[in-house]
Amino acid sequence: MPALVLLGAQWGDEGKGKATDLLGGSVDYVVRYQGGNNAGHTVVVGDQKYALHLLPSGILSPGCTPVIGNGVVVDPSVLLSELSGLNERGVDTSKLLISGNAHIITPYNVTVDKVTERFLGKRKIGTTGRGIGPTYADKINRVGIRVQDLYDESILLQKVEAALDVKNQLLTKLYNRRAIAADQVVEELLGYAEQIKPYVTDTVLVLNQALEDDKVVLFEGGQGTLLDIDHGTYPFVTSSNPTAGGACTGSGVGPTKISRVIGILKAYTTRVGAGPFPTELFDADGEALRRIGGERGVTTGRDRRCGWFDAVIARYATRVNGLTDFFLTKLDVLTGWEQIPVCVAYEIDGKRVEELPYSQSDFHHAKPVYETLPGWSEDITKAKSFSDLPKNAQNYVKALEEMSGAPISAIGVGPGRDETIEINSFL
Ligand code: GDP
Ligand code: IMO
Ligand code: MG
């Protein structure tokens, strides 16, 4: 009963979509367990490029059942348009399963996300504006709307009214906006209900039975470890738990069932939105990483902030997720640099610090301590095994592995499915 978790070890956009898709051919279920359509996963299959936001990347593998777990927040309009977009391109999406306990991103949650960010001004988080935070806030506040509520009209109306009670006060009196009418929201949501119904089921039961039947289940994280609401760079985080524990709460599969936790790790670092980022580059190297790595957000189209690899963060990801393996991505992007700096520790108030400081103030003024590794100039995109890599690239990978605390079991050398070096099998 192998259950694998695959998650982002940095600030998101590490290449989780590609890694999931790569394994998708050999797994039976791919499960999203948190987040929503704030995710942006690019998957390249042959000459086809797919951008997925809400749907698990396993949807592109014909034998695989994609599952949206209870921990996910679902915008029904986005769900339906993503499904029809894939159907138009000939992808069969009929196997999709959606937890009846997943929460719905309502139109008012999207409105509240946008007005809150505007109101925060300079202190804004730089959210994706998709209503993620307000939907999770409603869930914790016990005024959320769940997928199953779409199938009981009178309950749905009562719940939407309860959710709008306070929000309309805020919208009209604080944010100077128009009040939102509960019956209009209900009408819109009911408009999606029948189309979504065939997918809705008790995913907890399905997944646990699948594991009992020795099926292979892969949990696909959205976002990344440093964007985790508990373990990330709070408050500059997303509102869910992308870290490994989230795979259990967000799916109803217990921790004793998880056999492998794979951290997806970019060979350098990127971040979208506001918040501290010790190795961020503001020079030509940062610009070059952005250009060569195509570092532009899949969801919001924003340029990603770019910087060198940060081993302190990688070690932290190993610890908080209990990582068993890393999948190192985008090594090919570093081809051509004569020397590649790698952050091995921080300097905080004149002191060398080896581990991520728990204090937010300390992290905000942590300065990277760099070690410089020799680069390589040979094209590595055709490499099929570790020994195909130039010596300096091999040494770069080995150095990262040693600093990061878990074996690097695969290396991405290009965006395509087959542009991957497999070192240890994941299954
Ligand atoms: P995700 O959010 O973690 O799924 O990552 P994104 O899809 O947002 O961003 C990763 C980008 O890198 C995508 O455009 C991928 O196609 C691309 N990518 C993934 N792995 C590799 C790799 O090994 N090399 C290169 N050059 N690109 C990659
Ligand atoms: P994938 O799955 C990178 C960032 C936003 C913002 C913060 C909070 O593609 O790796 P939210 O809308 O979630 O409330 O925004 O989190 N963020 C991401 N950054 N990749 C993502 O997803 C992200 N999802 C959210 O930019 O800083
Ligand atoms: Mg992404």
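Student: Leaving aside its neighbours within four places in sequence, with which residues is Ile180 in contact, and what makes a pair a contact?

Tutor: In this predicted model, the partners of Ile180 are Tyr108, Thr111, Leu164, Asn168, Leu171 and Val185, and each pair is called a contact because heavy atoms of the two residues lie within 4.5 Å. Ile180 itself belongs to the loop that runs between helix 5 (153–174) and helix 6 (182–196), where helices (H or I, at least four residues) and strands (E, at least two) are DSSP runs numbered from the N terminus.

Tutor: Residues are numbered from 1 along each chain as its sequence is written, with chains lettered from A and ligands numbered from 1 in the order in which they are written. Local features need pLDDT of at least 70 and side-chain atom pairs count only at pLDDT 80 or more, whereas totals for chains, interfaces and linings use all residues, and side-chain values use heavy atoms, with hydrogens and water left out.

Student: How do you know that the buried residues of helix 7 line one face of the helix?

Tutor: The buried residues (under 20% relative accessible area, 1.4 Å probe, protein chains only) of helix 7, residues 203–212, are Thr203, Leu207, Asn208, Ala210 and Leu211. Viewed down the helix axis they fall within an arc of 155 degrees, so they line one face, the arc being that of the directions from the axis to the C-beta atoms. These buried residues pack against strand 1 (3–8), strand 2 (29–32), strand 5 (65–68), strand 7 (97–99), strand 9 (200–201) and strand 10 (217–220).

Student: What makes the pairing of Asp283 and Asp285 at the start of helix 9 a polar contact?

Tutor: A side-chain oxygen of Asp283 comes to within 3.2 Å of the backbone nitrogen of Asp285, and the pair therefore meets the distance limit for N or O atoms, within 3.5 Å. Within helix 9 (284–293), Gly286, Ala288, Leu289, Arg290 and Gly293 are buried, and their cover includes strand 13 (305–307). Gly294, which follows helix 9, has a positive phi near 60 degrees.

Student: Which distances link ligand 1 to the backbone of Lys16, and to that of Gly412?

Tutor: An oxygen atom of ligand 1 lies 2.7 Å from a backbone N or O atom of Lys16, and for Gly412 the corresponding distance is 3.2 Å. Taken alone, ligand 1 exposes 590 Å², of which the protein buries 92%. Helix 1 (16–24) and strand 3 (41–45) are the elements giving two or more residues to its shell, and helix 1 supplies the largest share, three residues.

Methods. Buried means under 20% relative accessible area, exposed over 50%, partly exposed in between (1.4 Å probe, protein chains only). A polar contact is a pair of N or O atoms within 3.5 Å; within protein, one must be able to donate a hydrogen and the other to accept it, and residues adjacent in sequence count only if both atoms are side-chain atoms. Accessible areas come from the Shrake-Rupley method with a 1.4 Å probe; for residues, only the protein chains shown count as cover.
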